[in-house]
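Dear colleague,

I am handing over the structure below, and my notes on one pocket and one helix follow it. Please read them with the model open.

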Amino acid sequence: MNVLAQETFDPDEKFFEARDMAINGQRKEAIALAKKIVEKYPGYSDVWILLGRIHSWEGEYDSASSYFERAIEESPDYEDAYIGYLDNLFWADQYDSAANVLERAEKQFGKGSSSIQYRKSRLAYYQEDYKSALSIAEEIYKSDAKIDGLLAYINRIKLLIRESAVGITADHDSFQGQISPWQTYAFFAKTRIGVLGKVIGRATHSHRFDNNGTMFELDAYPSLGENSYAYVNVGFSNASFFPDYRFGASIYWSLPKAFEFDVGYRRLQFSEATHIYTASVGKYTGNWWLNFRANHVPSEEGGSISGNFQARYYYKGAEDYLVFQVSSGVSPDEQDRDFQNQLLNSYRGRVGYQQLWTPRWLGYAFVGYSYDELSPDRHRNNLNISIGTEFRF
């Protein structure tokens, strides 16, 4: 006998109970309770959606679709039913069916729903139409929609777009008369090449310590799947203040709740090899991207650790931001720093901005100040000014 169906109960209370069961891994119990609720309250769409999501989590995509269809039948103007349905079809790789559901959703809600439009972008992404995916996602961002992880998603798409560019950066380092100023110029070109993903070639020429030298580098960002990609760097130089050669690699993961994580390795070959292990964790929250990176250089004496905290505030579009940075030690990825000298302590603050002036032209400028301790009784202050521009085609 179905006692629950015969007795009076609060359906909302039972719904939240079933939902908590599902979240806590008691999915069979949650399904049983949810089915008892809709036996007595068949128009309760949230319960049909919950049944759909549980079956979707279990990989039972066809069963899940039937529950989402029932939810739409009961409440055709309920957006959550379409959102759950689309998510289920994405996980099932049923993109043609997802396109049909998306068309139904747009007929019902128009193009004013940021959540539905986000799924439209995701569908284009899964179908490898990255330009459409990016265009839709950037329009959603400009509308100030509060979608968790939207900025991370936009930046991930950019790594997959076949967009070529050339650019130049210029750095001036003034050491307040302690040593001669440094002048550094970097020329770069980037494009997308097959499995290598986005590829960047760079030549960095610098005048330091009354000498000139150039470093040549190649960066690649191959995709490792929907939520992961790699970074690979190789470079060489004949300048005394640049490493003879360098190598770096990292793997990046996009995590739930708009978190990012990476772990990697760098090798710099001067007269001796320097090994660096690096890792960072980042978080997108609102218009902010926050990132903390730590670098470890092992040695017989125990090694050294450097840290860098960076915050970006996106004020207009997904490429327009202000940046604030504080760091201790020297990062192996900062070409304008003196990594060869063994600094006892180093501290740096930096502010700047980047803006996409036109769809093809981008510019950026940064100002930084650092304090480097060369020995217990000798230190060096440095004011760094960096500007750059990029042209896309």
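Helix H8 (114–126) gives the most to the lining of the second largest pocket, with four residues; helices and strands here are DSSP runs numbered from the N terminus (H or I, at least four residues; E, at least two). This is a predicted model, in which local features need pLDDT of at least 70 and side-chain atom pairs count only at pLDDT 80 or more, while totals for chains, interfaces and linings use all residues. Residues are numbered from 1 along each chain as its sequence is written, and side-chain values use heavy atoms, with hydrogens and water left out.

A pocket is an open set of points on a 1 Å grid over the protein atoms alone, where a 1.4 Å probe fits, with protein on both sides within 12 Å along at least five of seven lines, and its lining residues have an atom within 4 Å of a point. The second largest pocket is lined by 24 residues, and Tyr118, Arg122, Asp148, Pro256 and Lys257 lie nearest its centre. Among the elements that give two or more residues to this lining are H4, H6 and helix H10 (150–158).

H6 (residues 79–91) has 13 residues and reaches 19 Å from its first C-alpha to its last, close to the 18 Å expected at 1.5 Å a residue, a span taken as 1.5 Å times one less than the number of residues. Ten of its 13 residues are buried (under 20% relative accessible area, 1.4 Å probe, protein chains only), including Tyr82, Leu86 and Phe90. After H6 comes Asp93, whose phi is positive, near 60°.

Best regards

Note on methods:
Buried < 20%, exposed > 50% of the residue type's maximum accessible area, 1.4 Å probe, protein only. Contact = heavy atoms within 4.5 Å.
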